[in-house]
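Welcome! Let's take a walk through this structure together, one neighbourhood at a time.

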Amino acid sequence: MNLFDSAYNLLPGKKALKNIAWALPSQFFYGRTFWNYYNFLKKSQWWSKKQLRQYQLTKLQKLIYYSYKNVPYYREIFKKNAIVPDKIKSLTDIERIPLLTKEIIRNRFNDLLSNDYLKMAPIKRTTGGSTGKRLEIMSSFNQGQLRKAVVWRYRNWAGYSFNERGLTFNLPHRSPAGKNLIYENVKEKQINFNIDIFNEEILKQIVSKIVSFKPKVIECYPSRLFILYKYLKKNSIIMPSLKIAVTTSEMLYSEIREMIEQELNIQIFDYYGQIEFCCNAGQCPEKTYHVADEVCILEIIDKAGQRVKNGEIGEICGTSLDNYIMPLIRYKTEDLGIINMESCSCGRGLNILKNIVGRTQNIIVSPNGTMSFPARYFNIQLLKGIKDMQIIQEDIQSLKVVLVADQDFTDTTKSELIAMLRKNLNYPFEVQIELVDHIKRAVSDKHLLVISKIAQYSTHA
Ligand SMILES: [Zn+2]
């Protein structure tokens, strides 16, 4: 019996009940709110551009009027900038509203909440840690359902329908299965592997489970798909049931996409979004990224906050049209993208994002073959005395940590940091710590927690 089977046997509930749950269609597990959103989105994707813009404008005007009346932060900045809700008459009028940064959300959290937020069943959501700094925002249950409906539309575009078997990799600290390595998500008909560190033994167990489960779809970050692909290739394992990969959250490099698609004989579809749910886009059957215009306004802006011209690169900035608990208007995502004003041969009127860049999530590779994603474990705000930090892997044996310290930084912090790194990365790396005044940012303002100078998606293991 392998590790996953032992974990499976520990899962609560009787096997017979679980079999019944697996046999029930997915549709059974979703509520009315989800279906209303989903059915709407299935229709609205075929609306004309004009109809979509009009719908966005109506929603934007309503949100602005609401924010002006009920959200202290917006009331203040609208007054300061002489913005009157009645004057927002077109989608481009949104450019008069100052941009919202992560820093503003941290500093003005309470002022960004609607006066009525408690009446709307607020849910706190925390963003991932690709920069090492978490961000908290508030939204509603309904917005969570809307997000699911949008994701299901992306899944449909990829050829993934309800009730088809899938598998996914989860982050252990976020998984509903807690410390268990495997979680059966009967609702989504998926098996989740709760794993963040990959080695040969774990991959062997994962693959044996996948071979018997026969999933059609794999949903995961591109870097994990790449690790799986490498293992399958090295061991000449084929998985004929697997047809589709749905990826998200990281940059999908075209050479890697083509290599995996060809060799595993699957089609990869990617979508872009964030926990903040300010703007998102996913690939249609033509592999064009379409923006979910019904739920957001996506702008590509330059350093001065002005929209860039068609085809130019800029920062992605988004407005969620449905978050009334904590309206996020013109939120700077720190991701880079290129807008494309052309149309797609699939016939959808939804805006097109030509490319998304800068969603890099680097892997740390150790000599014993483990590969890990430390951004998932680190929240540098928890380490006393560290204002900013970046881990650079220059070779396989050692790591350089560049950090900005404040007056609370001591030798104890230093040893704690080194111990924490070695424990989470599962290898006794040589760690060199370098104190600096500030950390150089990439093209966008985003700075990543991990930079690997060993090749991206390293082939060391
Ligand atoms: Zn399309």
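A good place to begin is an open sheet of four strands, arranged in the order E20-E19-E18-E21 with mixed pairing. Its edges are strand E20 (430–435) and strand E21 (450–452), each of which pairs on one side only. From one strand to the next, the twist averages 20°. Please keep in mind as you look around that this is a predicted model.

Now let's see how the strands of this sheet are joined. E18 and E19 pair in the antiparallel sense over seven bridges, and they form a hairpin with four residues between them. If you would like a landmark in this pairing, look for Ile 392, which stands opposite Lys 400 in E19. On to the next pair: strand E19 (residues 398–405) and E20 run parallel and are joined by six bridges. Here you can find Val 401 opposite Ile 433 in E20, while Val 402 stands opposite Glu 434 in E20.

Is E19 enclosed or open to the outside? Seven of its eight residues are buried, so E19 is largely enclosed by the rest of the structure. A helix also belongs to this scene. Helix H11 (residues 411–425) lies across strand E18 (386–393), E19 and E20, and runs at about 135° to E20.

Let's move to another group of strands, beginning with strand E3 (residues 166–170). Four of the five residues of E3 are buried, so this strand is largely enclosed by the rest of the structure. E3 pairs with strand E5 (residues 190–194) in the parallel sense over five bridges. E3 also pairs with E7, in the parallel sense and over three bridges. Thr 168 is a handy residue to follow here: its bridge partner in E5 is Asn 192, and Thr 168 also stands opposite Glu 219 in E7.

From E7 we can step across to E8. Strand E7 (residues 217–220) and E8 pair in the parallel sense over four bridges, and within this pairing Cys 220 stands opposite Thr 247 in E8. How many residues of strand E8 (residues 244–248) are buried? Five of its five residues are, and the strand is described as mostly covered. To picture this, it helps to recall that side chains in a regular strand alternate between the two faces of the sheet. Both faces of E8 are covered, with Ile 244, Val 246 and Thr 248 buried on one side and Ala 245 and Thr 247 buried on the other.

Next come two pairs of helices. Two packed helices are described by the angle between their axes and the distance between the axes. Helix H9 (residues 222–234) and helix H10 (residues 254–264) pack at an angle of about 40°, and their axes are 11 Å apart. Angles from 35 to 65 degrees fall outside the parallel and perpendicular classes, which makes H9 oblique to H10. H9 passes H10 in a left-handed crossing. On the H9 side, the contact is made by Leu 225, Phe 226, Tyr 229, Leu 232 and Lys 233, and on the H10 side by Ile 256, Met 259, Ile 260, Glu 263 and Leu 264. By class, the residues of this contact divide into eight nonpolar, no polar and two charged.

The other pair is helix H4 (residues 49–70) and helix H5 (residues 72–80). Their axes come within 6 Å and cross at roughly 100°, which makes H4 roughly perpendicular to H5. H4 contributes Ile 64, Ser 67, Tyr 68, Lys 69 and Asn 70 to the contact, and H5 contributes Pro 72, Tyr 74, Arg 75, Phe 78 and Lys 79. This contact of H4 with H5 has five nonpolar, two polar and three charged residues.

Let's finish with one residue, Ile 300, which is found in strand E12 (residues 296–301). Is Ile 300 buried or exposed? Its relative accessibility is 4%, so Ile 300 counts as buried. Leaving aside neighbours within four places in sequence, Ile 300 is in contact with several residues, among them Gln 306, Val 308, Glu 312, Ile 316, Ile 338 and Leu 353. Glu 312 is twelve residues from Ile 300 along the chain, and the C-alpha atoms of the two are separated by 8.6 Å.

Terms used: Residues numbered from 1 in each chain as written. Predicted model: local features only at pLDDT ≥ 70, side-chain atom pairs only at ≥ 80, totals over all residues. Heavy atoms only, no water. Axes fitted to C-alpha atoms, helices over the stretch in contact; angles between N-to-C directions. Helix = DSSP H or I, 4+ residues; strand = E, 2+ residues; numbered from the N terminus. Parallel < 35°, antiparallel > 145°, perpendicular 65-115°, else oblique. Left-handed = near helix turned anticlockwise from the far one by under 90°. Contact = heavy atoms within 4.5 Å. Nonpolar A, V, L, I, M, F, W, Y, C, P; charged D, E, K, R; others polar. Buried < 20%, exposed > 50% of the residue type's maximum accessible area, 1.4 Å probe, protein only. Pairing = 2+ DSSP bridges.
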